[in-house]
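The following exercises concern a ligand site and its surroundings. Please work through each task before reading its solution.

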Amino acid sequence: MSGHSSFQSNNAIVKWIEYRLPIFSFVNEALVVYPTPKNLNYWWNMGSLAGVMLVVQIITGVVLGMHYTPHADLAFDSTEHIMRDVNYGWLLRYMHANGGSMFFAVVYIHIFRGMYYGSYKAPRELLWWLGIIIFILMMATAFMGYVLPWGQMSFWGATVITNLFSAVPILGETIVAWLWGGYSVDQPTLNRFFSLHYLLPFVIFAVVFLHLWALHVHKSNNPLGIDIKGPQDTIPFHPYYTVKDLYGMGVFAIIFAWLLFFAPNLLGEPDNYIPADPLVTPTHIVPEWYFLPFYAILRAIPDKLFGVIAMFASLFILFVLPWLDTSKVRSARFRPVYKMLFWAFFVDCLVLGYIGGQPAEGIFIVIGRLGTALYFLFFLSLPFIGWFERPRKLPASISTAVLESHGGGGTPDGAAAKAEDRG
Amino acid sequence: MLRSVLIAALAALFVSSVSAGALASSNAEHPKELKWSHGGPFGTFDRASVQRGLHVYRETCSGCHGLKYIAFRNLLEIGLSEDQAKIIAAEYTVKDGPNDEGEMFERPGKLFDYMPAPFANDKAARASNNGALPPDLSLIVKARKGGENYIYSILTGYMEPPADVTLAEGMAYNPYFPNHQIAMAPPIDDQTVEYVDGTENSKEQIARDVVSFLAWTAEPTLEARKRLGVKVMLYLFVLTLVLYGVKRKVWAKMH
Ligand code: HEM
């Protein structure tokens, strides 16, 4: 953000504005000449995709909000009105509903990417924190958004999740009544959820700004996890990464469009096409897929209060990850033990997601508990791994590794694979 | 590359298992598998079948089930002429008002009216149906796992209960329904309705037609969605290919 500007222009208007508000040099530094490691792979596309999805959600959401009515008697009908009578209302609604899923998919990959390449380590701890805050805000936003169409799953999902707070000792019931604005999920709940669902994306927008600010101080991490040592390690963001991001967006848009146009209800629950009925409880209350791993952790613990604690802990433990991991080496490419653990953790998250969608009975309970234990074990083992693991030798710099991989035919991993002590 | 494919495969497996999960956990029999003309990326509604389905609905189902999101004007979308739709609308009486004297009054339905509900309220509906509530059918195809196949299986799947099952009062046996006991008597059989277009009026055909119709009521915009989808996909494929070419070109300079 700071530093000497390389921006030059001969246009009088541009110069006039630039003198008063240096917005052109700001954009120039952030998106044009911005020095970026040479060796980023496609996992680094997720950040810009997440930004695009936030904008897509805001635009479709604001237009939906023009036709939607946050009233318990009218919300379901107004959603159907959007689907049937509003011009391209079906497109907006399906885009927004599936957009939520695509947004989470991208952000999950983004987070796993950060974990694999050690992007959370010094000096990027705050960048990591801001990311987790965005993730939590997204979960709150999506949870409240899902309540808005006021279908059966909207209503019962909201009931189950808000009820979790009743596990808080002494104050529980008071908190829940305060959240609801009454004695059950009802009109006041729907109304405030709409208000907050409208607000939070803009809060996310602000946190994204901070996230990028922090990013631009120390620049992107990279697959080797080593620092940028000089200009020979970087290339300007434009045109290299603008075009790579655009290509990634094309591929992403194809997947999104397929879901949107040919399977728009694949990830939804049929029960949400039944209007909310406080007197009829659905047989299985399941949240949206992106909440399932956390839902599994919640249900793995037989005690309500400790279940809630475990669920929140599974999220908040991400905040201390930079300090749990004691290894100085960032990238899993050079950390044989961590690499194995990472993939085990990844599979564990998928298993937990699967369990979250199953009824809590029989073998599912056992697997859910094992999965939960493994989830936390992964994090708790990290300090010890950092101490005893012997990482592979790191390459001298990004540019030497890139040269070697293009010259001698070896991969960057291969080039550095000669086992030696950690550097 | 191999790893990305592996991850994609894992993710796909995950999605399919999550969506398959809830079905497996119910004791209902797996629905029959049928082909529907409106399925697949290029699918369109079979107009003739949907129109016959409208006929079936009006003759057989409308006494118990409403269709509250469908207005008579919508019938033009399935190929009825304006006059045909007006005639159908006029067969229903609709409550309107208040008029200039402040009175509510009844009049024949018009194109802009929505299909009137068969019962004044849910209580009245239950009172006439042994305590069970016949759901509004507008969205039923989207509101049940298995969609069209499930509804078709319910309509054609009635049978004598096995010896070890005692039916509760007013219930019928249907293995495709959760817990197998359903409060709707078999609504269709062979020759339940007459078809003017000469189509065979077997139970299966009638069920297929009414389900086609209900698929349309659940999502009248389905055809518009798929048509636009095909165009958007083609456009995106070309655009992405071009972007890939540009990316290759730009990056070639670097090495
Ligand atoms: C972080 C970005 C956002 C996410 C992740 C998100 C997510 C969601 C989700 C999951 C739903 C339920 C979709 C369904 O099943 O029908 C929803 C509904 C809705 N959202 Fe958002 N949303 C976001 C931003 C916004 C914004 C900025 C607005 C602006 C007003 C908005 C307005 C609405 C409205 C009116 C609905 C109800 C209509 C419907 O259900 O389709 N959303 N949102």
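**Exercise 1.** How do the residues of the shell around the ligand divide into nonpolar, polar and charged?

*Solution.* The model is a predicted one. Begin with the total: 24 residues surround the ligand. By class, 16 of the shell residues are nonpolar, seven are polar and one is charged. The closest residues are G61(A), R93(A), H96(A), H197(A) and Y198(A). As for the space that the ligand takes, it is the largest cavity.

**Exercise 2.** Determine which helices of chain A each supply at least two residues of the shell around the ligand.

*Solution.* Four entries satisfy the condition: α3 (46-67), α5 (89-116), α6 (125-147) and α9 (187-218) of chain A. Next, consider the shares: α3(A) gives the largest, with seven residues.

**Exercise 3.** Identify the residues that coordinate the iron atom of the ligand, and explain why the arrangement is octahedral.

*Solution.* First, the protein donors are NE2 of H96(A) and NE2 of H197(A), at 1.9 Å from the iron atom. These two residues link distant parts of the chain, with H96(A) in helix α5 of chain A and H197(A) in helix α9 of chain A, 101 residues apart. Second, examine the angles: the six donor atoms around the iron atom subtend 87 to 179°, and the arrangement is therefore octahedral. For reference, ideal angles for six octahedral donors are 90 or 180 degrees.

**Exercise 4.** State how far an oxygen atom of the ligand is from an N or O atom in the side chain of R93(A).

*Solution.* The distance between these two atoms is 2.9 Å.

Note on methods
Residues numbered from 1 in each chain as written. Chains lettered and ligands numbered in written order. Predicted model: local features only at pLDDT ≥ 70, side-chain atom pairs only at ≥ 80, totals over all residues. Heavy atoms only, no water. Near = heavy atom within 4 Å. Polar contact = N/O pair within 3.5 Å; in protein donor to acceptor, adjacent residues only side chain to side chain. 1 Å grid on protein atoms, 1.4 Å probe; cavity = no way out; pocket = protein on both sides within 12 Å on 5 of 7 lines; lining within 4 Å. Sits in = over half its atoms within 2 Å of the grid points. Nonpolar A, V, L, I, M, F, W, Y, C, P; charged D, E, K, R; others polar. Donors = N, O, S within 2.8 Å, 3.2 Å for Na, K, Ca; no water. Tetrahedral: all angles 85-135°; square planar, octahedral: opposite > 155°, others 65-115°.
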